[in-house]
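Let's take a walk through this structure together, one region at a time. Have the sequence and the 3D view ready, and follow along at your own pace.

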Amino acid sequence: LALENGQVDAVIAGMTITDEKKDAVDFSKPYYTAKQVMIVKEDSDIQKASDMADKKIVVLQGFTGETCVNEMGYKYESFKKGTEAIMELVNGKCDVVVIDSATAEKYVEDNEGLKIVEDTGLLEETINRILDANPGPLSELLGGKDKVMGFFVGQIMKEMKGKANPASVRETLMKEVEKRK
């Protein structure tokens, strides 16, 4: 908002690249890709994103987590500060906070009784669909040609529209390829 209003000339932190923002902002090459995770209490039954359907969800206003939850069609409450969102969870006023992974790690470290849940189901489905659709490159990868890994990571990132963390893609891809050996 401050960038759009001319109050600042640049944002050097985190700003999610969207088609709408591309029209108003001259982005550099991304230097960090965050993934969205869920912070829950350690005894929570939430294990994947679809488990949030009937839960009280909290997000940070204007951040990627809000976009993700909104796209899922779930009702949520948004807060301006991460600490406020986490306090809602700690105090039992919500069931889950959806937030960037790096931020989540710090909040979980600082607040006993919380844990991070990452839903890799969609990523695994996408990876397996792409592996199945490319038997030639898959055969090369299974045969030890590691250079083909870049091809698959690129295809997966394209399919996920850049919303996946490349490190998570590579890690999950390696696990799925191992299952096929």
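A residue counts as buried when its relative accessible area is under 20%, and as exposed when that area is over 50%, with partly exposed in between. Keep that cut-off in mind as we start with Ser168, in a model that is predicted. Ser168 has a relative accessibility of 10%, so this serine counts as buried. Its place is in helix α8. Setting aside neighbours within four places in sequence, Ser168 touches Lys35, Glu118 and Leu123.

Now step back and look at the whole chain. It holds eight helices and five strands. Read from the N terminus, the order of these elements is α-β-β-α-β-α-β-α-β-α-α-α-α. Along the principal axes, the C-alpha atoms fill a box of roughly 50 × 45 × 30 Å. The chain has 181 residues, and 32% of them count as buried. Its accessible surface is about 11600 Å², with 49% of that belonging to carbon and sulfur atoms. How much of the contact network links residues far apart in sequence, 24 or more positions? Among contacts with a separation of 6 or more, such pairs account for 59%.

Let's turn to the strands, beginning with β2, which covers residues 57–60. In a regular strand, side chains alternate between the two faces of the sheet. Which residues of β2 lie on each side? Ile57 and Val59 are on one side, Val58 and Leu60 are on the other, and all are buried, so both faces of the strand are covered. β2 also has partners to find. One of them is β4 (residues 96–100), which pairs with β2 in the parallel sense over three bridges. Look for Val59 here, as it stands opposite Val98 in β4. Another partner is β3 (residues 77–79), which runs parallel to β2 and is joined to it by three bridges. On this side, Val58 has Glu77 of β3 as its bridge partner. If you trace the chain from β2 through helix α2 (residues 64–72) to β3, you follow a right-handed β-α-β unit.

A further stop among the strands is Lys41, which sits in β1 (residues 36–41). Is this lysine buried or partly exposed? Its relative accessibility is 30%, so Lys41 counts as partly exposed. Beyond its neighbours within four places in sequence, Lys41 is in contact with Leu89, Val90, Gly92, Gly113, Leu114 and Lys115. To get a feel for distance, go from Lys41 to Ile127: the two are 86 residues apart in sequence, and their C-alpha atoms lie 30 Å apart in space.

Ile127 leads us on to the nonpolar cores. The residues touched by Leu173, apart from neighbours within four places in sequence, are Ile127, Leu131, Met149, Phe152, Val153 and Ile156. Leu173 itself belongs to the largest nonpolar core, which has 17 residues; Leu131, Phe152, Ile156, Val169 and Leu173 have the most contacts inside it. Four elements give two or more residues to this core: α5 (121–133), α6 (135–142), α7 (148–159) and α8 (166–179). Which of them gives the largest share? That is α7, with six residues. There is also a second, separate core of 15 residues, including Ile39, Val58, Ala85 and Leu89. You have already met Val58 in strand β2 and Leu89 as a contact of Lys41.

Back in the largest core, pause at Leu131, which is found in helix α5. With a relative accessibility of 1%, Leu131 counts as buried. Leaving out neighbours within four places in sequence, its contacts are Leu138, Phe152, Leu173, Glu176, Val177 and Arg180. Of these, Val177 is 46 residues from Leu131 in sequence, yet their C-alpha atoms are 8.4 Å apart in space.

Our final stop concerns aromatic rings. A pair of them is described by the distance of the centres and the angle of the planes. A search of the whole structure turns up one aromatic pair. Its members are Phe151 and Phe152, with ring centres 5.2 Å apart and planes at 70°, so the pair is edge-to-face. Which of these counts as buried, and which as partly exposed? Phe152 has 0% relative accessibility and so counts as buried, while Phe151, at 33%, counts as partly exposed.

Definitions and conventions:
Residues numbered from 1 in each chain as written. Predicted model: local features only at pLDDT ≥ 70, side-chain atom pairs only at ≥ 80, totals over all residues. Heavy atoms only, no water. Core = buried A, V, L, I, M, F, W, Y, C linked by side-chain atoms within 4.5 Å. Buried < 20%, exposed > 50% of the residue type's maximum accessible area, 1.4 Å probe, protein only. Contact = heavy atoms within 4.5 Å. Phe/Tyr/Trp six-rings, centres within 6.5 Å; stacked < 30°, edge-to-face > 60°. Pairing = 2+ DSSP bridges. Right-handed = clockwise from strand over helix to strand, strands pointing away. Areas by Shrake-Rupley, 256 points an atom, 1.4 Å probe, with all protein chains shown as cover.
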